[in-house]
Amino acid sequence: MNETLQHVEQMVDENPRVDVTETFTEWQDLLAGLTAKIADRFELTRDPCTTDLESYGDPNTGPSGRLAAYTGPEIDWLVHSWIGDPRTGFVNMHLTAWLGPQVRVPHLASALLLWPQGWFYVDAVPRGDLVGDGDYYDSYYAEADEPWLSFKEDHPDFTWFTSRTGFIRTSLSPVAYCYSFPPTRPNLDTVAELLTAKVDQWLGWVDAAEPVPDDERAALADRDLRIRRNIAERDPANVMGERMFGAELTQRLVRALWGGDRVLPRPVR
């Protein structure tokens, strides 16, 4: 198994500019379908703080993007977004769903990137200590161990991506998928199948989950917010936003990723 050990800006700068609009459009449809599947299960309302981020930049002349964040009785913060310029070979897309504290089911996190090679990430973000709480690990991670190992062996086109930032490496669960790959038809199908399966699994976990006692929910919600904010603010890929849109708008987008400007209340109770 090969390994990629580069900053995102290195990956972009060291590769030729190629129009990736076709794959970008395909991935837009994929994430839109997965978002719709989640919306069928949960009551969601778009937070007004992202209304004016429905479209930013100018897609006719350069980089642009979209960021929509939602909340609801069971969802603390769901983000469906993209940023970049597919005509020049760079685009970054996100679908993340952070649950409210009524259950301890892991959060759903996924991202797709073209630079112009493909890259994808999908993980179940833990809501507790996987080493200190063996039962939690067994409930959500143990059965993923063998498929995770098999993927490394069975997909030689996929190169494991190791972040150069220790904090980001720490944020991954032991069965996270984080790979670069040539965006061929078979590889794109593999990514779509895996993301769809992970969303379906996550929805099943939610339906089967036991409720968290009321007196433990505030502490869980506080932990969730700290993790979400730290991941958003410490993401090394934020430098690409600054390149395209400057520091002020990038800081606004980062706050939107964790809910720093949210208007609607969090589902703490």
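Mentor: Helices here are DSSP runs of H or I, at least four residues long, numbered from the N terminus. Keep in mind that this is a predicted model.

Trainee: Where does D261 lie with respect to α8?

Mentor: α8 covers 238–258, and D261 lies in the segment after it.

Trainee: Why is D261 called partly exposed?

Mentor: The relative accessible area of D261 is 29%. Buried means under 20% and exposed means over 50%, so D261, at 29%, counts as partly exposed.

Trainee: What makes the pair D261 and R255 a polar contact?

Mentor: Their side chains are joined at 2.9 Å, and the cut-off for a pair of N or O atoms is within 3.5 Å. That distance therefore fits the definition of a polar contact. Leaving out residues up to four places away in sequence, D261 touches D47, C49, R252 and R255.

Trainee: How far apart are D261 and C49 in sequence and in space?

Mentor: They are 212 residues apart in sequence, while their C-alpha atoms are 6.1 Å apart in space.

Trainee: Now the interior. Which residues have the most contacts inside the largest nonpolar core?

Mentor: L112, F120, L195 and W202 do, in a core of 60 residues. Helix α6 (residues 185–208) gives the largest share of this core, nine residues. Another core, of eleven residues, lies apart from it and includes A69, F245, L253 and A256.

Trainee: How do you know that the peptide bond between W115 and P116 is cis?

Mentor: Its omega is about 5°, and the bond is cis. Most peptide bonds are trans. P116 is found in the loop between β7 (107–114) and β8 (118–125).

Note on methods: Residues numbered from 1 in each chain as written. Predicted model: local features only at pLDDT ≥ 70, side-chain atom pairs only at ≥ 80, totals over all residues. Heavy atoms only, no water. Helix = DSSP H or I, 4+ residues; strand = E, 2+ residues; numbered from the N terminus. Buried < 20%, exposed > 50% of the residue type's maximum accessible area, 1.4 Å probe, protein only. Contact = heavy atoms within 4.5 Å. Polar contact = N/O pair within 3.5 Å; in protein donor to acceptor, adjacent residues only side chain to side chain. Core = buried A, V, L, I, M, F, W, Y, C linked by side-chain atoms within 4.5 Å.
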